[in-house]
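Colleague: I have the sequence and the coordinates open side by side, and I'd like to go through them with you. Could you pull them up as well?

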Amino acid sequence: MKQITNSVLMIRPVAFRMNEQTAVNNYYQKVIDGLLPATVNVKAQQEFDALVGKLTEVGVNVVVVNDTENPSTPDSIFPNNWISFHQNGDVAFYPMFAENRRLERREDILDLLEEEGFVIDNIVDYSSAEEDELFLEGTGSIVLDRANEKAYCALSPRADEELFIEFCEDFDYAPVIFEAFQTVEGERKSIYHTNVMMCVGDTFAVVCADAIDDKQERKMVLENLKKDGKEIILISEKQLSSFAGNMLEVLGADDKKYLVMSTAAFESLTVKQKEQLEKHAAILHSNLDTIEACGGGSARCMLAEIFLEKK
């Protein structure tokens, strides 16, 4: 199984804004004072287009789909939470915590991908778990080491343990389960998505080990990564708040590896950390300030990797 892919799905926003339904447990979201919603959306579109441009320039195959005006989906720019694509031809749909995010699931996107030549054999749909108030938000909640058939999950209101185990059984992944926290106004609160505090690349992993308060769990996560031969690059909680954990490794032209992140994440890294990462992949960063502030997500959240085979 491949760990990184050359193809990604990205959804271009039409009504991007701060989503009040996700702000209840996403502590990265902020209201940008004095900006009209239309201005916020225009800025988000500019940041989106710039990232698409940079990815395309280095040879990444970006499938861009426009969001629809109706229904209103302020977080549609983060498709990796509701859908994932797998090498065996499977596509998974996930149950979403915020009601207005459930409207992001679009089957017409599968038709568009098939038109692009991707082969879809089977849909595994977990979305009915929403009826029981159980959630598992795709590769936001789950960080996959596809090559080593391991799935990492920090439990949270958006990552249910039983659902995660069911996913692992369906897709043949060994589950690595733990809890991760951040300090919010002096209190330790669950980090809403695993992919904010860790990124697993082909030969490396970026992890905020300090977010895993339980020493046994921390040791278990790090040992799993070491056992699979990953060089571990540790980031601090301060760097976490600049989205330094929210990165994704992709393949460009001639199978060159790129590590995609925001400029805020890049600027938060030390010289040593950048050197460590650059041994594994060229760093590609883009300004996502508006998307990060209003959406509470960053570069990795915007990219849904397509591992489907082509005809």
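Colleague: Let me start somewhere specific: does Asp 254 count as buried or exposed?

Modeller: Asp 254 counts as exposed, at 80% relative accessibility, where exposed means over 50% relative accessible area, buried under 20%, and partly exposed in between, with a 1.4 Å probe and protein chains only. Asp 254 lies in the loop between β14 (248-251) and β15, and its phi is near 55°, a positive value in a residue other than glycine.

Colleague: And where is Glu 133, and what is its phi?

Modeller: Glu 133 is in the loop between β5 (122-125) and α3, and its phi is positive, about 60°, although it is not a glycine. Glu 133 is exposed, with a relative accessible area of 56%. The helices (H or I, at least four residues) and strands (E, at least two) that I name are DSSP runs, numbered from the N terminus.

Colleague: Before I go on, what kind of model is this, and what is its mean pLDDT?

Modeller: This is a predicted model, in which local features need pLDDT of at least 70 and side-chain atom pairs count only at pLDDT 80 or more, while totals for chains, interfaces and linings use all residues. Residues are numbered from 1 along each chain as its sequence is written, and side-chain values use heavy atoms, with hydrogens and water left out. The mean pLDDT of the protein is 93, and 94% of its residues reach 70 or more, pLDDT being the predictor's confidence in each residue, from 0 to 100.

Colleague: Over which residues is the pLDDT below 50?

Modeller: That is residues 21-30, a stretch which has 42 contacts in the model beyond near neighbours in sequence, a contact meaning heavy atoms within 4.5 Å. Where pLDDT is low, the predicted coordinates should not be read in detail.

Colleague: Now the sheets. What is the strand order in the one with β1?

Modeller: That is an open sheet of three strands in the order β2-β1-β17, with mixed pairing, where two strands pair if DSSP finds at least two bridges between them. The edge strands are β2 (61-66) and β17 (304-306), each pairing on one side only, and the twist averages 30° from one strand to the next. Strand β1 (residues 7-12) pairs with β2 in the parallel sense over six bridges, and Ile 11 stands opposite Val 65 in β2.

Colleague: Which strands does helix α1 touch there?

Modeller: Helix α1 (residues 37-57) packs on the sheet and touches β1 and β2, its direction making about 160° with that of β1. Helix α2 (residues 108-115) also packs on it, touching β1, β2 and β17, and its direction makes about 140° with that of β2. For these angles, axes are lines fitted to C-alpha atoms, for helices over the stretch in contact, and angles run from 0 to 180 degrees between N-to-C directions.

Colleague: What order do β11, β12 and β13 take?

Modeller: They form an open sheet of three strands in the order β11-β12-β13, with mixed pairing. The edge strands, each pairing on one side only, are β11 (198-200) and β13 (231-234). Strand β12 (residues 204-207) pairs with β13 in the parallel sense over four bridges, and Ala 205 stands opposite Ile 232 in β13. Helix α5 (residues 215-227) packs on this sheet, touching β11, β12 and β13.

Colleague: Which residues touch the most other members of the largest nonpolar core?

Modeller: Among them are Tyr 152, Phe 178, Met 197 and Leu 277, in a core of 38 residues. A nonpolar core is a set of buried Ala, Val, Leu, Ile, Met, Phe, Trp, Tyr and Cys residues joined through side-chain atoms within 4.5 Å. The largest share of this core, four residues, comes from β12.

Colleague: Different topic: what does the side chain of Thr 139 make a polar contact with?

Modeller: The side chain of Thr 139 makes a polar contact of 3.5 Å with that of Arg 300. A polar contact is a pair of N or O atoms within 3.5 Å; within protein, one must be able to donate a hydrogen and the other to accept it, and residues adjacent in sequence count only if both atoms are side-chain atoms. Thr 139 is in helix α3 (residues 138-141) and is buried, with a relative accessible area of 6%.

Colleague: Last one: which residues does the cis peptide bond join?

Modeller: A cis peptide bond joins Asn 70 and Pro 71, with omega about -5°, and Pro 71 lies in the loop between β2 and β3 (83-85).
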